[in-house]
There are 2 protein chains.
Amino acid sequence: MPATLREVAERAGVSVRTVSNVVNDFPQVAPDTRARVQQALDDLGYQPNAVARTLRRGRSGLIALVLPELDVPYFAELTRAVIEQAATAGYTVVVDQTDGDPVREQELVMRGNRAAMFDGLIFNPLALGGADLRDRPSSTPVVLLGERVVQGGLDHIMIDNVAAAELATRHLIDLGRQRIAAIGDQFDETRQTGQLRTQGYTAALRTAGMELVPELIRPTEFFHRADGAAAMAELLALPEPPDAVFCYNDLLALGALRTCLSRGLRVPEDIALIGFDDIEDGRYSTPSLTTIRPDKAQIAKHAVQLLLNRLAGDESPPTEIAADYDLVIRESTR
Amino acid sequence: MPATLREVAERAGVSVRTVSNVVNDFPQVAPDTRARVQQALDDLGYQPNAVARTLRRGRSGLIALVLPELDVPYFAELTRAVIEQAATAGYTVVVDQTDGDPVREQELVMRGNRAAMFDGLIFNPLALGGADLRDRPSSTPVVLLGERVVQGGLDHIMIDNVAAAELATRHLIDLGRQRIAAIGDQFDETRQTGQLRTQGYTAALRTAGMELVPELIRPTEFFHRADGAAAMAELLALPEPPDAVFCYNDLLALGALRTCLSRGLRVPEDIALIGFDDIEDGRYSTPSLTTIRPDKAQIAKHAVQLLLNRLAGDESPPTEIAADYDLVIRESTR
DNA sequence: TGTCGAGCTTGCAACGTTGCAAGTGGTGTT
DNA sequence: AACACCACTTGCAACGTTGCAAGCTCGACA
């Protein structure tokens with residue numbers, strides 16, 4: 001049972017308020033009183049009760065990062081960046097995972113019951129859209145991450161997916177590839193990422209005057225290795241298989257790579273592969289993976305900064321910030 | 001500004017207490033009162049204040065999972081398992097990352113100021129040892145994960161590292177390999193994992209009557225891909241390079257694999273590799289990775305169960321539970 | 001008509017902390 | 001000796017909620 005201020009006060013023979021003054025390092029405390037109280041604090045091993053303090057102060061020093069999947073390397077790496085950013089501002093980050101389940105997303109983000117423990121929220125939604133998010137009952141500030149288009153109303157950090165996808169595709173075109181496939185298209189309107197990247201892919205082909213072949217655009221349910229492996233197998237089963245593939249993230253690319261190699265295809269000689277996200281795995285695969293690298297540190301920095309501004313009372317209209325990205329050329333297209 | 005019970009009570013023309021009764025679904029409320037209060041709740045979009053509730057009830061429904069590194073796939077996968085387990089018991093898990101930094105570990109685990117927000121803690125320490133942990137001022141129950149040996153005093157879930165490492169090494173011996181190396185030894189006494197696995201490795205060689213070659217045991221600072229890649233390069237530079245390597249985790253193995261393949265070595269023909277942890281990456285590498293698979297679901301289940309027991313008032317002496325593991329043979333040793 | 005109890009509602013206090021403003025005692029000044 | 005002022009200390013209330021036990025109203029029953 002942890003000691004309370006009252007117990008410390010009794011032991012030191014002072015008022016509760018004075019103990020609080022010592023704990024909070026108020027200057028107006030006589031040196032010997034301070035020493036006596038400090039002694040009592042140490043004797044009892046006093047630790048402030050964070051819950052009571054939060055209730056009283058209205059601030060917990062905790063911000064929540066809510067992500068679809070922690071075991072997707074991109075999110076794990078992004079998490080690291082956010083934690084580092086928040087730490088410099090004295091905030092602790094706690095992370096939670098939704099699996100893109102709308103119910104869980106609702107519960108974590110919308111309902112104050114859990115969220116209210118935190119001063120702010122950085123949220124990468126999969127299922128929840130703008131309409132859902134607009135009228136949250138809670139007043140906890142939120143910063144959104146990711147591609148899901150939210151029509152105004154909230155701060156939002158993303159990268160220009162269409163342009164980035166176009167860049168990736170153009171890279172394959174510049175290699176001289178003729179049949180360029182895409183893995184990761186998505187029909188479900190709640191999953192915007194796939195659609196935006198398909199737009200970029202399409203735009204690049206069109207600009208290059210290349211024909212759009214529908215069966216070369218493979219949808220996948222998720223963005224996991226298994227999806228990439230399966231989609232690649234379908235592509236290789238076509239009468240005319242592709243000689244390059246733009247995978248909408250690195251996991252898809254790693255799955256696709258596995259399929260190619262296990263069939264004896266050479267990458268990049270027979271088939272070039274490019275991914276998206278620049279996760280560490282892609283730097284150590286053989287061949288290593290060409291990819292689009294979003295500036296995760298920048299995303300984290302903006303997200304935390306924006307949130308802190310809101311916490312500090314910034315009432316300016318919601319911003320939409322586009323983070324940088326670049327093309328990293330490695331062995332899989334070299 | 002979220003509505004409070006008081007505001008709802010005024011609007012509905014009832015007492016604060018009655019509103020609380022409605023919110024908490026107490027049966028003793030007249031139907032029309034309930035309806036009137038419910039209307040007011042809806043009108044104002046009332047959400048209970050989690051902090052006040054926690055202060056009053058003494059329970060937050062939150063448990064914290066404190067891990068060294070979230071972007072290490074093993075931990076990310078373990079996290080998923082813990083979240084799933086806790087969810088079935090109605091608890092929400094929040095995760096934090098220490099980087100194995102003793103200061104951060106202290107702060108998160110020992111000092112009540114942050115920890116006190118949570119009902120319990122599941123903690124995988126790197127730096128903190130038994131002595132540090134024994135006399136925590138906080139009364140929040142803790143369950144420990146991982147290899148770091150803690151001399152009694154706290155519940156602890158681990159796997160038998162020595163036996164598991166011996167199993168891995170024996171597998172390589174059974175393949176008929178003659179020069180078996182090890183990557184991941186650690187001198188630092190706060191990093192027990194490496195030492196335990198070296199013990200198992202040594203025991204297996206000794207049992208098989210094989211000679212112990214010191215330069216085949218490579219220490220690494222961390223257990224990351226880069227460490228594995230570097231250590232492998234050193235091994236290959238030896239006058240007599242190994243024909244098999246036991247890497248103390250899958251990341252090391254993936255790094256080692258990368259080095260081997262980039263030098264044109266065939267795996268497993270020229271050199272066999274085995275890892276540890278069974279992370280997803282190892283299932284999609286080429287060749288896929290033979291590994292020791294700890295039963296993560298079991299670890300998570302025990303950890304959450306033990307913690308919930310403590311929360312329910314279980315006062316029995318601390319347990320040490322050994323989770324299961326098995327050998328998964330894939331292409332890298334086939 | 002008075003009493004009882006069921007059914008429903010409420011006030012008070014407390015969880016542990018801190019903001020506010022007032023309080024205490026002692027010292028220095030005139 | 002009276003007063004002002006300073007340095008320090010304190011009591012009260014409040015943050016929003018819920019446990020406890022008491023309170024109220026009303027109908028039923030004798």
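User: Let's start with contacts in chain A. Among those between residues at least 6 apart in sequence, what share joins residues at least 24 apart?

Analyst: In this predicted model, the share is 69%. To read a number like that, ask how far along the chain the two partners sit. Here, of the chain A contacts between residues at least 6 apart in sequence, 69% bring together residues at least 24 apart.

User: And which elements is chain A built from, and how many of each?

Analyst: Count helices and strands separately. Chain A has 14 helices and 12 strands.

User: How do I read the overall dimensions of chain A?

Analyst: Try two views, a box and a radius. The box around the C-alpha atoms of chain A, taken along the principal axes, is roughly 90 × 40 × 30 Å. As for the radius of gyration, chain A has 26 Å, while a compact globule of 334 residues would be near 20 Å.

User: What percentage of chain A is buried?

Analyst: Of the 334 residues in chain A, 49% are buried.

User: Can you show me one residue and tell me whether it's buried or exposed? Say, Gly209(A).

Analyst: Sure. Count the neighbours: a residue is exposed if 12 or fewer other C-beta atoms lie within 10 Å of its own. Gly209(A) has 7 of them within 10 Å, so Gly209(A) is exposed. As for its place, look in the loop between helix H10 (192-207) and strand S7 (217-219) of chain A.

User: How many Å separate the C-alpha atoms of Gly209(A) and His156(A)?

Analyst: Those C-alpha atoms are 34 Å apart, and the two residues are separated by 53 residues along the chain.

User: Now strands. How do I see which one pairs with which in chain B?

Analyst: Follow the bridges from strand to strand. Begin with strand S1 (residues 62-67) of chain B, which runs parallel to S3(B) and is joined to S3(B) by four bridges. One pair to look for is Ile63(B) with its bridge partner Gly120(B) in S3(B). Next, strand S3 (residues 120-123) of chain B is linked to S4(B) by three bridges, again in parallel. There you can find Ile122(B) opposite Val143(B), and Phe123(B) with its bridge partner Leu144(B). Then S4(B) has three bridges to strand S5 (residues 155-159) of chain B, also parallel. In that pairing, Leu145(B) has Ile157(B) as its bridge partner.

User: Which residues are on each face of S3(B) and S4(B), and are they buried or exposed?

Analyst: Look at each face in turn. On S3(B), Gly120(B) and Ile122(B) sit on one side, Leu121(B) and Phe123(B) on the other, and all are buried. On strand S4 (residues 142-145) of chain B, Val142(B) and Leu144(B) take one side and Val143(B) and Leu145(B) the other, and all of these are buried too. Both faces of S3(B) are covered, and so are both faces of S4(B).

User: What about where chains A and B meet?

Analyst: A common way to describe an interface is the accessible area lost when the parts come together. Here we count residues instead: 45 of chain A are in contact with 45 of chain B. On the chain A side, the elements that each supply at least two residues are H4, helix H5 (73-88), strand S2 (92-97), helix H7 (112-115), helix H12 (250-262) and helix H13 (280-284). H5(A) gives the largest share, six residues. By class, that side has 20 nonpolar, 15 polar and 10 charged residues.

User: How are the two chains related by rotation?

Analyst: Superpose one on the other and look at the angle and the shift. Chain A goes onto chain B by a rotation of 180° with 0.1 Å of shift along the axis, at an RMSD of 0.1 Å. That is the relation of a two-fold axis. The same surface serves both copies, as 100% of the contact residues of chain A recur in chain B.

User: Last one: which residues are closest to DNA strand C?

Analyst: List the surrounding residues, then pick out the closest. DNA strand C is surrounded by 26 residues, with Leu5(A), Asn49(A), Ala52(A), Ala30(B) and Thr33(B) the closest. H4(A) makes the largest contribution to that surface, five residues. Its residues divide into 10 nonpolar, nine polar and seven charged. Around DNA strand D there are 25 residues, and Ala30(A), Thr33(A), Leu5(B), Asn49(B) and Ala52(B) come nearest. For that strand, H4(B) gives the most, five residues.

Definitions and conventions
Residues are numbered from 1 along each chain as its sequence is written. Chains are lettered from A and ligands numbered from 1 in the order in which they are written. This is a predicted model: local features need pLDDT of at least 70, side-chain atom pairs count only at pLDDT 80 or more; totals for chains, interfaces and linings use all residues. A residue is near a molecule or strand if its C-beta atom, placed from the backbone, lies within 6 Å of it. Ala, Val, Leu, Ile, Met, Phe, Trp, Tyr, Cys and Pro count as nonpolar, Asp, Glu, Lys and Arg as charged, and the others, Gly among them, as polar. Two residues are in contact if their C-beta atoms, placed from the backbone, lie within 7 Å. A residue is buried if 20 or more other C-beta atoms lie within 10 Å of its own, exposed if 12 or fewer, and partly exposed in between; C-beta atoms are placed from the backbone. Two strands pair if DSSP finds at least two bridges between them. The radius of gyration is taken over C-alpha atoms; the globule rule is 2.2 Å times the number of residues to the power 0.38. Copies are superposed by least squares on the C-alpha atoms of residues with pLDDT of at least 70 in both.
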